[in-house]
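User: I've got this model open on my screen and would like a close look at a single part of it. Could you walk me through that part and how it sits in the rest of the chain?

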Amino acid sequence: MIQRFILLGEGYTDLYELFEIARTNRHRLERLVQLDTVISGRKKSSLVVILQPAEPGKLMPLYLSLEGVYPPEEKETERYQLFEQLSRELDAPIHRLEVKPSADFNELELYFQYVIGVLRLNRFIPPLQ
């Protein structure tokens, strides 16, 4: 199985797309994840929708809005409230992890590999088989 991040932007339209992906694929929904980090002294979060592989595919997509949302303890925002609403609608809890910021890595692909490792260690996604 291949686990791959699919990067969306940080704006409202990107979040609406992320949420629609989760809704239309609710039968494949594996997990909703919030990746918390600190950037320039402020807490920021990435929102992730993890889907099970499509049949007969071997790709586990991880749709990501990267570091574009403030977590509620930093600042109440409509963006995060929409993610919480999605969680309730799909009856899927939001799982939270603290990770390093993407800027700590020379390439975005290295950051993605790091986060996949963190997700595997926490058993949020299965190890490669």
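Is Glu67 buried or exposed?

Analyst: Glu67 is buried, because its relative accessible area is 11%, and the cut-off for buried is under 20%. Keep in mind that this is a predicted model, so everything below is computed from predicted coordinates.

Let's start with where Glu67 sits. Glu67 belongs to strand E4, which covers residues 59-69. The backbone there does something you may want to look at: phi of Glu67 is near 45°, a positive value in a residue other than glycine. Most residues other than glycine have a negative phi.

Now for the company Glu67 keeps. Three residues that touch Glu67 are worth a visit: Ser45, Ile39 and Pro101.

Take Ser45 to begin with. Ser45 is in strand E3, residues 42-51. With a relative accessibility of 0%, Ser45 counts as buried. If you leave aside the neighbours within four places in sequence, the contacts of Ser45 include Ser65, Glu67, Gly68 and Val69, and also Gln34, Leu35 and Asp36. Pro71 is on that list too. With Gln34 there is a side-chain detail: the side chains of Ser45 and Gln34 make a polar contact at 3.2 Å.

Next comes Ile39, which is in strand E2, residues 29-39. Ile39 is partly exposed, at a relative accessible area of 32%. Beyond its neighbours within four places in sequence, Ile39 is in contact with Lys44, Glu67 and Pro101. The Pro101 contact spans a good stretch of sequence: Ile39 and Pro101 are 62 residues apart along the chain, yet their C-alpha atoms are 6.6 Å apart in space.

That brings us to Pro101 itself. Look for Pro101 in the loop between E5 and helix H3, where H3 is residues 108-121. Pro101 is buried, with a relative accessible area of 14%. Again leaving out neighbours within four places in sequence, Pro101 touches Thr37, Val38 and Ile39, along with Glu67 and Tyr111. For a contrast in the other direction, try Ser87: Pro101 and Ser87 are 14 residues apart along the chain, and their C-alpha atoms are separated by 24 Å.

While you're on strand E4, have a look at Leu59, which is also found there. Leu59 is partly exposed, with a relative accessible area of 30%. Apart from neighbours within four places in sequence, Leu59 is in contact with Ile2, Arg4, Pro53 and Ala54. Arg4 is 55 residues away from Leu59 in sequence, and the C-alpha atoms of the two are 7.2 Å apart.

Just before E4 there's another backbone feature to check. The loop between E3 and E4 holds Pro56, and the bond joining Glu55 to Pro56 is a cis peptide bond, with omega about 0°. Most peptide bonds are trans.

There's a second positive phi to set beside the one at Glu67. Phi of Asp91 is near 55°, again in a residue other than glycine. Asp91 is in the loop between helix H2 (78-90) and strand E5 (94-98). The surroundings contrast: Asp91 counts as exposed at 71% relative accessibility, whereas Glu67 is buried at 11%.

Finally, zoom out to the whole chain. The chain has three helices and five strands, and from the N terminus the elements run β-α-β-β-β-α-β-α. The radius of gyration is 14 Å, close to the 14 Å that the globule rule gives for 129 residues, so the chain is as compact as a globular protein of that length. Along its principal axes, the C-alpha trace spans about 45 × 35 × 25 Å. Buried residues, Glu67 among them, make up 44% of the 129 residues. Of the contacts with a separation of 6 or more, 63% are between residues 24 or more positions apart; the Ile39 and Pro101 contact, with its 62 residues of separation, is one of that kind. As for the surface, the chain exposes about 7,200 Å², with carbon and sulfur atoms supplying 48% of it. The chain has 16 positive and 19 negative charges, and the mean positions of the two sets are 3 Å apart.

Note on methods: Residues are numbered from 1 along each chain as its sequence is written. This is a predicted model: local features need pLDDT of at least 70, side-chain atom pairs count only at pLDDT 80 or more; totals for chains, interfaces and linings use all residues. Side-chain values use heavy atoms; hydrogens and water are left out. Helices (H or I, at least four residues) and strands (E, at least two) are DSSP runs, numbered from the N terminus. The radius of gyration is taken over C-alpha atoms; the globule rule is 2.2 Å times the number of residues to the power 0.38. Buried means under 20% relative accessible area, exposed over 50%, partly exposed in between (1.4 Å probe, protein chains only). Contact means heavy atoms within 4.5 Å. Accessible areas come from the Shrake-Rupley method with a 1.4 Å probe; for residues, only the protein chains shown count as cover. Lys and Arg count as positive and Asp and Glu as negative; His and the chain ends are not counted. The place of a charge is taken as NZ of Lys, CZ of Arg, CG of Asp or CD of Glu. A polar contact is a pair of N or O atoms within 3.5 Å; within protein, one must be able to donate a hydrogen and the other to accept it, and residues adjacent in sequence count only if both atoms are side-chain atoms.
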